[in-house]
Amino acid sequence: MPEAYQWPTSARAVVIGAGIVGNSLAYHLAQLGWSDLVLIDKGPLPNPGGSTGHASNFIFPVDHSKEMTQLTLESVRQYRDAGVFTESGGIEVARTEERMQELQRRMSSARAWGIDDVSLLTPAQVKELVPYIEESVILGGFYSPSVGIVDSLRFGTIARERAQEQGALAVFANTEVLGIDVANRRVEGIRTTRGDIETDTVVVCCGVWSPKIARMAGASIPLTPAVHQMIDVGPVPHFRDTKGVIEFPIVRDMDTNMYERQDGSGLEIGSYAHRPILHDPEEIPSNEEAALSPTELPFTEKDFQQQMEDALELIPEVLNDESVGIKYAINGLLSLTPDGLPLLGETPEVKGLWSAAAVWVKEGPGVGKAVAEWMTHGESEIDLQSSDIARFYEHQKSRKHVRSRAAEGFNKTYGIVHPAEQWESNRNVRLSPFHARERELGAAFFEAAGWERPQWYESNAKLLDEFGDRVTRREAEWDARWWSPIVNAEHLAMRERAAIFDLSAFCIFDVTGPGALETVQTVSMRQMGVADGKVVYTPVLSQRGTFKSDLTVMKLGDERFRVVTGGAHGMADLKWYADHLPADGSAQITDLTSAWTTLGLWGPRARDVLAALTNDDVSHEGFPFATCRTIEIDSLRVLASRISYVGELGWELYVPIEQGARLWDLVWEAGEPHGLVPAGIGVYGTTGRLEKCYRAFAFELDADYDVVEAGMAWGRVKTPDFVGKSAHVTHRGQDPVAVLCTLTVDDHSSRDGTKRYMLGREPVLSKRGESLLDAHGRRSYVTSAGAGPSIGKHILMSYLPPENANVGEELLVEYLGERYPVTVATNDSTPVFDPENARVRS
Amino acid sequence: MKIVVAVKRVPITGGKMVLTDDEQAIQTRHLGFTISPHEECGVEEAVRIVEAQGGEVVVLTLGPAEAEEQLRESMALGADRAIHLVSDEEWDAQATAGALVEAIRSEEPLDLLVFGNESADAGNYQVGIRVAYGLGLPVVTGLKGLAVADGRARCEQEVPGGRDVYDVPLPAVVTVKEGLNLPRYPSVPAKLRANRKAVDARAVERPAPTLEKLRLVVPEGQGKQAEILGNGPDAAPAVVDMMQKLGVV
């Protein structure tokens, strides 16, 4: 038997799944120097029968997510390089006024992520490009000339064969994985129908089968197979003279959740409008059982009735022609996740078991490269934090949660999704001990990490009268959606007297043992060798000195450090710490999220309130800022931490979760004579912190910008080593390529006189309306936006090129097609409110 | 010209048949359904005749509620009306023929009755012939060619080495085979029209069965056989040879 077909008994890594992801990944690993790689698939090659095999294969690069857009642009670059990309152009058409506004948002996102060749078209202009469209049913279109189609199967073959030619990869088709061997939560090998392979690295690129494969190892890949219907009609007379596969732009009929693309002499019509049809990964037919392929399931015609009418309405010229027949119709299977983002990275349950699943053809090659980099260097060039599979909490991996959110998200595939939009399905899973009180107070609950948190309280409506004109209202429905002016009123009440906040969604874990200091020292940028009772806020860096997270660490003892981090990224942070525990087992991590609850108490009167509750010394001298200690309140032993994310005097109060309700009532009662109000995350997460210019992870802080650019390189670099130290030192020694600034909006007036309020991710432009670009080609865009009620201004944060990062510099922000004047207020971390930080240190 | 075409809802199978645990039926969980390829040609032929000569095509089936899909598919191909004899039970060929005869009588007088030569699932080869005898009509089977004019049908039956041609007076029964014609694909407007039409549904009761099915058996296949024709460019002559044998070149 030729050497190439010799069954390997061991491998450096095994990639399971030869779809667009597996093929791309195998290629990129080989480029990064990996050899003794094995790629297996239970199906035949080149089309093993997964979602890649029947994909619609078109790519629209503009997305509201920076990460997804970057992955897509990188993928297009690779497809072009391989000679499998055909540019056709693409148009998202609008049938409603609401959609026309959304197309404006598309234009802004395109601008923010550096895609400039886009434009808005009138119906007549759309018809010039797509002559068979019925222009009377549309109001306009968003045109991206760089949209194109790819031959994803061909790309996969080229990628795979290149790795084979290098001698780095052995490929086995028609080989099914029967089991994955795991010992001490590490991968040891796989078992297949052809034999076993010893390996410590397995990557699951199995698309809809991924959960089934992961379960063999005792890990979870939380996706569900779901149907998206497509039909192919032809022969289309308009396409008779087409050379090649596509000549006319692809049309996305956004308001009907459908698309139409030319495919040679035929027209492919796809839909995301039907009822969500979810399947079970364990019950997908085999290649032999399936009439077409395992992911091309029988078409359920009754689900496509409305779609036929919608398509007929948009393209009557083609579809009314009785000689144009429906030649192919399937319920195609693809993967859906609870939050609509891919599942990438090492699984938190099993070391050496990696996931590269729930990835669309448009991101495939980019994901292959990024995951290969992650496997090689511990991080990727394109920031993958929002796709990190470690992000999920236990309940989010459940079948119920995956299916209900996937079903809810499915019909929003081409939907108009507000940046603050809340999920409706599977709510009320994690309730804080304060929940009953919050309901009584009319809390408007928003969900984060599964926790129900008050965004604001309706009972505070009376504050609107109290503060009158100082409370900004929002006139436009879109700006005011998922928002209330009560947020601004709560903010003013806090700054005037005091407020309490439900912070139960914090992810809390202790690092303990003789090796605890070494662990936290390695992970944290800031010095952890501090006195007991010290509280340290620290960035957490990647090897190349950009942000992996930011969080707070309380030193409770030489062998106990309590890490507190935001709920949204808590689980990924937990894994990062766990991955950096010393190999000798001298440190452990204990997740205490469900053991402790946190109540925030801040405002000028916070000390008055707290002093009334405890005999312990809470004076400024007795209880300094950035320290923590246990105090006694009533019969509760409370861990009080004097820090503040809202820039006020106050504390985070930690008690065991079962005592939380009692703590709330005690603080509430003590707070009454001082005018204490309950305040929501609208204040904590936006207004409070924006006035103090406090940065937020995933907004200002991500893998694209370093500490110096973020204006957080305070003090000296500590002596002990830490992840990212040498890169950080280098950054300190050079001029920043971009500078994080805080800007205020000068005039909110739109053309029709309505005052408009930016929500975030808008492009920031020069006074002449040009995009701002730094030396690395990064565009300036609004990382966070929100009200600054105490300064009476709307606040925006954005990285700017150094030449524009001047206090007083006048710029523009583009919001829904119009430009508004803004001014740079600060170009470092100096707050726009209470710049001396007098309140916090009072 | 009035033509009645009988069709049967059958599963579209892949390469491998999986039986239910009780071995009484094929596992259809992942399967789509259609009418047999012979019947598709039957419907197409009937529609073409009526398009040329005027009249109507009635499509008829005996099957479960879901078989309505197949009637609508047939109407999307051009059939004018549909009759659905509704029953969830499994009917043998004799009982099926009996029920069809009764339904067809309610449509007389008619000119032509079209069946697929055999169904794609059971393959009993009986229903068309039994119905013809039940109605006292001439029947010609296995047609690959059909021409209808002046009250007569010219039927070409495929036999080894050629075709036997029969000239038959109408009304007559024919059973046809795939290859009779190339059926059209339904257009979107045709589908929408077909879906809006009413179907004449009638409940039918299966008579006491006279056949007892013991179980189904999937015959052992010959396994996968691959013959390597050669390696690299030297294999070209063998490949061309094979293509010529298959008749594609």
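**Exercises on the chain A–chain B interface**

In this predicted model, 21 residues of chain A are in contact with 22 residues of chain B.

**Exercise 1.** Determine how much area chain A and chain B bury between them, and which three residues of chain A supply the largest part of its share.

*Solution.* Step 1: the two chains bury about 1,900 Å² between them. Step 2: carbon and sulfur atoms account for 59% of this area. Step 3: on the side of chain A, 28% of the area buried against chain B comes from A:Glu289, A:Glu322 and A:Ile326, more than from any other three residues.

**Exercise 2.** Describe the polar and charged pairings across the interface, and then the make-up of the side of chain A that touches chain B.

*Solution.* Step 1: 3 salt bridges are counted between chain A and chain B. Step 2: one of the salt bridges joins B:Arg29 to A:Glu283; because the closest N and O atoms are 3.4 Å apart, the pair meets the cut-off of 4 Å. Step 3: the interface also has 8 residue pairs in polar contact, with both residues at pLDDT 80 or more. Step 4: helix H8 (305-314) and strand S19 (325-336) of chain A each supply at least two residues of the side that touches chain B. H8(A) gives the largest share, 4 residues. Step 5: by class, this side of chain A holds 10 nonpolar, 3 polar and 8 charged residues.

**Exercise 3.** Characterise chain B by its secondary structure, burial and exposed surface.

*Solution.* Step 1: chain B contains 6 helices and 11 strands. Step 2: of its 249 residues, 41% are buried. Step 3: chain B exposes about 13,600 Å², with 51% supplied by carbon and sulfur atoms.

Key. Residues are numbered from 1 along each chain as its sequence is written. Chains are lettered from A and ligands numbered from 1 in the order in which they are written. This is a predicted model: local features need pLDDT of at least 70, side-chain atom pairs count only at pLDDT 80 or more; totals for chains, interfaces and linings use all residues. Side-chain values use heavy atoms; hydrogens and water are left out. Contact means heavy atoms within 4.5 Å. Buried area is the accessible area (1.4 Å probe) that two parts lose on being put together, summed over both. A salt bridge is a side-chain nitrogen of Lys or Arg within 4 Å of a carboxyl oxygen of Asp or Glu. A polar contact is a pair of N or O atoms within 3.5 Å; within protein, one must be able to donate a hydrogen and the other to accept it, and residues adjacent in sequence count only if both atoms are side-chain atoms. Ala, Val, Leu, Ile, Met, Phe, Trp, Tyr, Cys and Pro count as nonpolar, Asp, Glu, Lys and Arg as charged, and the others, Gly among them, as polar. Buried means under 20% relative accessible area, exposed over 50%, partly exposed in between (1.4 Å probe, protein chains only). Accessible areas come from the Shrake-Rupley method with a 1.4 Å probe; for residues, only the protein chains shown count as cover.
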